[in-house]
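Here are a few worked exercises to try with the model open in your viewer. Have a go at each task before you read its solution.

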Amino acid sequence: MSALEFSAPPLIPALTPEHEELQRMVRAFAQKEIAPIAAEYDESGEFPLETVRRMGRLGLMGIEMPEEYGGAGMDTLAYVLTMIEVAKADASHSTIVSVNNSLYNYAIYAFGTEAQKQRYITPVASGQKIGAYSLTEPMSGSDAGTMESRAVLNDAGTHYLINGRKSWVTSGPVADYVVLFTMTDPELKHKGVTAFIIDADQPGFIRGKKEPKLGIRASATSEIVYEDYAVPVENMLGK
């Protein structure tokens, strides 16, 4: 068979009518609601909260999450199509959509308990609350094995006390909940890292400086400082 005769399989599976309908809907929304305000928000750096709320009501903040958790109950291809159409209008909005859907929602959906899914996915997938993901630190970058933040179990075994500084937290200035990675056993390095679901409305959660950026400014980014932040053991995500 010659190279001209070879027919490779399609890189993208055929779109279903549901995918096509979603793509048309997201494209129309993005061009009508996002594109006209993108430059203004990028210049001011203001977080586009009302637009995010509207995207939540359309199911775009929890595309792959089941409907019982406030999501749209669709698949990964639907998520990709949404990202393409939103990003065409504004990269800041697509960054917010991406973090909420993938790094935050999916992490809890894949590893969380039923109680965690009900409490922490539902309000974010529906756009009522904002989620964030926090791994990077000033001195370690994204090298999880050298993180300096610590979570220490209290004597009663009910809470972990968290201390440390996180950097470059996307949606950090506005997040209601955060999937946080920190050290519980430093001697094990990267195998001593544990994830927790953090409620930002608790003592010891301190939003640090908002980062000035060259672009994607409407997607707010900041440091977060933890000072004796007490997180219940039931907020541990996974093992």
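Contact here means heavy atoms within 4.5 Å. This is a predicted model, in which local features need pLDDT of at least 70 and side-chain atom pairs count only at pLDDT 80 or more, while totals for chains, interfaces and linings use all residues. Residues are numbered from 1 along each chain as its sequence is written, and side-chain values use heavy atoms, with hydrogens and water left out.

**Exercise 1. Confidence**

Task: find the mean pLDDT of the protein chain, and the strand where confidence is highest.

Solution. Start with the scale: pLDDT is the predictor's confidence in each residue, from 0 to 100. The protein chain averages 92, and 95% of the residues score at least 70. Next, go through the elements; helices (H or I, at least four residues) and strands (E, at least two) are DSSP runs, numbered from the N terminus. Strand 8 comes out highest at 98, and strand 6 (residues 205-210) lowest at a mean of 93.

**Exercise 2. Around A220**

Task: place A220 and work out which residues it touches beyond four places in sequence.

Solution. First, locate A220: it sits in the loop between strand 6 and strand 7. Second, check burial, where buried means under 20% relative accessible area, exposed over 50%, and partly exposed in between (1.4 Å probe, protein chains only). A220 has a relative accessible area of 2%, so it is buried. Third, list the partners: F47, V169, T170, S171, G172, P173 and K210. For K210, the C-alpha to C-alpha distance to A220 is 7.2 Å, with their positions 10 residues apart in sequence.

Now follow S171, in the loop between strand 3 and strand 4 (177-183). S171 is buried because its relative accessible area is 0%. Leaving out neighbours within four places, S171 contacts F47, I130, G131, A132 and A220. F47 closes the loop of partners: among the residues it touches are S171 and A220, along with V52 and V174.

**Exercise 3. The cores**

Task: which elements give two or more residues to the largest nonpolar core?

Solution. A nonpolar core is a set of buried Ala, Val, Leu, Ile, Met, Phe, Trp, Tyr and Cys residues joined through side-chain atoms within 4.5 Å. The largest one has 20 residues, and I34, F47, V52, M55, M61 and V97 have the most contacts inside it. Its contributing elements are helix 1 (17-44), helix 2 (49-57), helix 3 (76-89) and helix 4 (91-111). A separate second core has 16 residues, including A151, I162, V178 and F196.

F196 also turns up in the contacts of N235, together with Q116, Y120, A195 and I197, once neighbours within four places are set aside. N235 is in the loop between strand 7 (221-232) and strand 8 (236-237), and at 6% relative accessible area it counts as buried.

**Exercise 4. Two unusual phi values**

Task: where do W168 and I216 lie, given their positive phi?

Solution. Recall the background: most residues other than glycine have a negative phi. W168 has a phi near 50 degrees and belongs to strand 3 (residues 159-170). I216, with a positive phi of about 50 degrees, lies in the loop between strand 6 and strand 7. Finally, check exposure: W168 is partly exposed at 48% relative accessible area, and I216 is partly exposed at 38%.
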